[in-house]
Amino acid sequence: MSTENEGTAVPPAPSAPPVPVDSPAASPQATAPDSGAPTTPLPTTPPHAPGAPEQELVHAGQAPAYASASAGGPQGGAAPGQAPDGSWPPPPPATPAYADSGSGGAGADVWGASYQQPAPKSGRGRGGLMAAVLIAALVAGGLGGGLGYTLAKNDDNTSSTTVSASDSGGSVKRDAGTVAGVAATALPSTVTIQAESSSGEGGTGTGFVFDTEGHIVTNNHVVADAVDGGKLTATFPSGKKYDAEVVGHAQGYDVAVIKLKNAPNDLKPLTLGNSDKVAVGDSTIAIGAPFGLSNTVTTGIISAKNRPVASSDGSGSNASYMSALQTDASINPGNSGGPLLDAQGNVIGINSAIQSSSNGGLGGTSQSGSIGLGFAIPINQAKYVAQQLIKTGKPVYAKIGASVSLEDSTGGAKITEQGASGSDAVEAGGPAAKAGLKPGDVITKLDDRVIDSGPTLIGEIWTHQPGDKVKITYERDGKTNTVDLTLASREGDS
């Protein structure tokens, strides 16, 4: 499924609806609207892909200084009959753009204006009648009030049954398990990120404290503009603002780690949960800066698990794939990179993309908002990636060493006849070759997970780590075969 990273459309997994990449929303601090913001819509099905749905997924990433972002597709485009290496995103189909934040706003009615009674009209017209009714009402009110006062005075010798209202509603206690309790604990450990390129373009996204050393985890598409000579700042709900730098970023995983400069010594990392234990129906709480509105809290549930999602940063060359957690908590451009929490306040995912119903929406701009279909990178995967980035500055990807087609199909992930850039479809000496896989084989399952397309296979492989052993089920000449293989590794995005 392709979604919009608050991004561009990427070939969606056949069985899953394309995921819009939600356009990034700009943070409140953004001074001017910037249409290049990173909240990305999830990429959608590659253009012209057979049976590709028209829905658009957007990265839920950064929102440009009240600007928008669009999602892009996988790196490079695969020639007919060719597919990108299963270990790296194949040539990208057009993906929804990162969801951008909008800079426009609707006018508001003026409240609190004094009311001026219209001057009475002469004669016995409607104005006269209304005046008569008003006088009658006032007289009746006066009589009633006088009567009430008289009765009360005559009843002074009896006990009163009137109950005086309290001046205070009493103290309100919010337990830790309530949404208010979770928000109160988590908000101080979330930040609104503003990324700006050397040319002044950028947007707003969200991040959360990962450790006491000042590392903040967010989406790659949120900080992409600031990677090469740009500027990054992170602002806490308290108003404290820090300059930051990118420690490492992974385009394929859409995860990045930044570090605060002169970080305070009282940082409180959010507790990480176990995304493998999450169940459909579990309560969720999302924190972010939708359309630049920092420190926004929304709630929902886990709508689905293992949702195949492909998204891009809008450049047409940086694709990301995930087996996502789907939630109906409201997520919009600017929410990208923010934490998706469970009812106890544990981080179970990183909000990354949204499904968009159209290219437009808000105020007639190219931005789109929440329709209840948001997608988050499972925290178990994000944690591994973040640790690698902090340790080496580079991402490490698991791979099977075979190129698969990105075409939308429900038959599985087909190994192409030729790999990207004319390379062999099955890497010599790689895991797939050792397992006996050949061009033309159609992979239908990885362990117990059904594989219905190339993007789905890539997303599932990337939920594992190099060295993991997996079982591959594939079809060849009408027969189903099963083979075990050990995943290899590839370092870096290039």
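These questions and answers concern a predicted model.

Reader: Where is S197 in the chain?
Author: Two strands frame the stretch that holds S197: strand 4 covers 190–196 and strand 5 covers 202–209. S197 belongs to neither of them and has its place in the loop between strand 4 and strand 5.

Reader: Is S197 buried or exposed?
Author: A residue counts as buried when its relative accessible area is under 20%. S197 has a relative accessible area of 12%, so S197 is buried.

Reader: Which side chain does S197 join in a polar contact?
Author: Some partners of S197 lie further along the chain: leaving aside neighbours within four places in sequence, S197 is in contact with D225 and G230. The polar contact between side chains, at 2.9 Å, joins S197 to S199.

Reader: In what order do the six strands of the barrel follow one another?
Author: Strands of a sheet pair through backbone hydrogen bonds, either parallel or antiparallel. Here the pairing is antiparallel, and six strands close into a barrel. Neighbouring strands of this sheet are turned by 40° against each other on average, direction ignored. The order is 4-5-6-9-8-7.

Reader: What is the bridge partner of V209 in strand 6?
Author: Strand 6 spans residues 215–218 and pairs with strand 5 in the antiparallel sense over two bridges. The partner of V209 in strand 6 is I216.

Reader: What angle does the direction of helix 4 make with that of strand 9?
Author: Helix 4, residues 379–392, packs on the sheet and touches strand 5, strand 6, strand 8 and strand 9. Its direction makes an angle with that of strand 9 of about 55°.

Reader: How are the rings of F236 and Y242 arranged?
Author: The structure holds five aromatic pairs. In the pair of F236 and Y242, the ring centres are 5.8 Å apart. Planes over 60 degrees apart count as edge-to-face. The planes of F236 and Y242 are at 85°, so this pair is edge-to-face.

Reader: How many residues apart are Y397 and W462?
Author: Y397 and W462 form a tilted aromatic pair, 4.8 Å centre to centre with 45° between the planes. The pair links distant parts of the chain: Y397 is in strand 16, and W462 is in the loop between helix 6 and strand 20. The separation is 65 residues.

Reader: Are Y397 and W462 buried or exposed?
Author: Y397 has 0% relative accessibility, so Y397 counts as buried. W462 is at 1% relative accessibility and therefore also counts as buried.

Reader: Which residues form one aromatic cluster with Y397 and W462?
Author: The cluster includes Y397 and W462. The residues that form it with them are Y253 and Y321.

Note on methods: Residues numbered from 1 in each chain as written. Predicted model: local features only at pLDDT ≥ 70, side-chain atom pairs only at ≥ 80, totals over all residues. Heavy atoms only, no water. Helix = DSSP H or I, 4+ residues; strand = E, 2+ residues; numbered from the N terminus. Buried < 20%, exposed > 50% of the residue type's maximum accessible area, 1.4 Å probe, protein only. Polar contact = N/O pair within 3.5 Å; in protein donor to acceptor, adjacent residues only side chain to side chain. Contact = heavy atoms within 4.5 Å. Pairing = 2+ DSSP bridges. Axes fitted to C-alpha atoms, helices over the stretch in contact; angles between N-to-C directions. Phe/Tyr/Trp six-rings, centres within 6.5 Å; stacked < 30°, edge-to-face > 60°.
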